[in-house]
Amino acid sequence: NLQGPRYVSPAPNGGFVVSEECGDVKVFMSSRKLLCSLSSKYGHQFGNPAGVCVDADGSILVADEQRRTVHLFPEHGAPICLVSAGLRRPTGVACSSFGHLFVADTGENCVK
């Protein structure tokens with residue numbers, strides 16, 4: 001069910017999240033069955049989704065290389081744009097246990 005998988009992250013429920021080259025992010029259950037597509041569930045249009053991670057609350061964070069943003073997709077509610085400026089080419093994201101967001105920006109060769 002994947003089209004050009006790029007980045008993968010484990011999810012708290014034993015499942016995982018995968019970004020795809022085709023412009024979507026898919027969420028799978030621990031049984032490897034597709035739970036949802038973020039673009040379908042939230043009506044969100046990705047440019048080029050790259051890095052993905054899941055925070056302690058179970059929200060999914062996605063770095064979008066083309067749109068130069070990082071969005072948070074809560075389990076319930078609308079997506080939230082966390083970063084919309086200051087990124088040249090965000091490719092990786094990670095969340096710390098202290099609630100910090102790390103973004104690998106390959107356009108500036110740094111982590112923000």
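Here a trainee and a mentor talk through a predicted model, strand by strand and then pocket by pocket.

Trainee: In what order do the strands of the sheet that holds β1 lie, and which are its edge strands?
Mentor: Happily, this one is easy to trace. The sheet is open and its four strands pair in the antiparallel sense, in the order β1-β2-β3-β4. From one strand to the next, the twist averages 20°. A strand at the edge pairs on one side only, and that holds for β1 (5–10) and β4 (34–37).

Trainee: Which residue in the turn between β1 and β2 has a positive phi?
Mentor: Start with the pairing: β1 and β2 run antiparallel and are joined by four bridges. One of the pairs is Ser9 with Val17 in β2. The two strands form a hairpin with five residues between them, and the turn residue with a positive phi, of about 90°, is Gly14.

Trainee: How many bridges pair β2 with β3?
Mentor: Strand β2 (residues 16–20) is mostly covered, with four of its five residues buried. Its Ser19 stands opposite Val25 in β3. The hairpin of β2 and β3 has three residues between the strands, and Gly23 in that turn has a positive phi of about 100°. As for the antiparallel pairing of β2 and β3, the number of bridges is five.

Trainee: What is the bridge partner of Phe28 in β4?
Mentor: Phe28 belongs to strand β3, which covers residues 24–28. That strand runs antiparallel to β4, and three bridges join them. Follow the pairing across from Phe28 and you reach Leu34.

Trainee: Which are the edge strands of the sheet that holds β6?
Mentor: This open sheet has four antiparallel strands in the order β5-β6-β7-β8. Neighbouring strands are turned by 25° against each other on average, direction ignored. The strands that pair on one side only are β5 (49–54) and β8 (80–83).

Trainee: Which residue is the bridge partner of Cys53 in β6?
Mentor: β5 pairs with strand β6 (residues 60–64) over four bridges, in the antiparallel sense. Cys53 is buried, because its relative accessible area is 6% and the cut-off is under 20%. Its bridge partner in β6 is Leu61.

Trainee: Why is there no disulfide between Cys53 and Cys95, and what does the count come to?
Mentor: Look at the sulfur atoms. The closest cysteine sulfur to that of Cys53 is in Cys95, at 3.2 Å. A disulfide needs the two sulfurs within 2.5 Å, so this pair is too far for a bond. By this rule the number of disulfides is zero.

Trainee: Is Pro74 buried or exposed?
Mentor: Pro74 sits in the loop between β7 (69–73) and β8. In sequence it is 32 residues from Thr106, and in space the two are 26 Å apart, C-alpha to C-alpha. Its relative accessibility is 12%, and since the cut-off is under 20%, Pro74 counts as buried.

Trainee: Which element gives the most to the lining of the largest pocket?
Mentor: That pocket has a volume of about 280 Å³. Its lining has 17 residues, and Asn13, Val27, Leu35, Gly58 and Glu75 lie nearest the centre. The elements giving two or more residues to the lining are β4 and α1 (38–42). With three residues, the one that gives the most is α1.

Trainee: How many residues in the lining of the largest pocket are nonpolar?
Mentor: Let's sort the lining by kind. Three of its residues are charged and two are polar. The number of nonpolar residues is 12.

Notes: Residues are numbered from 1 along each chain as its sequence is written. This is a predicted model: local features need pLDDT of at least 70, side-chain atom pairs count only at pLDDT 80 or more; totals for chains, interfaces and linings use all residues. Side-chain values use heavy atoms; hydrogens and water are left out. Two strands pair if DSSP finds at least two bridges between them. Axes are lines fitted to C-alpha atoms, for helices over the stretch in contact, and angles run from 0 to 180 degrees between N-to-C directions. Buried means under 20% relative accessible area, exposed over 50%, partly exposed in between (1.4 Å probe, protein chains only). On a 1 Å grid over the protein atoms alone, a cavity is a set of points where a 1.4 Å probe fits but cannot get out, and a pocket is an open set with protein on both sides within 12 Å along at least five of seven lines; lining residues have an atom within 4 Å of a point. Grid points are joined across faces, edges and corners, and a volume is the space filled by probe spheres set on the points. Ala, Val, Leu, Ile, Met, Phe, Trp, Tyr, Cys and Pro count as nonpolar, Asp, Glu, Lys and Arg as charged, and the others, Gly among them, as polar.
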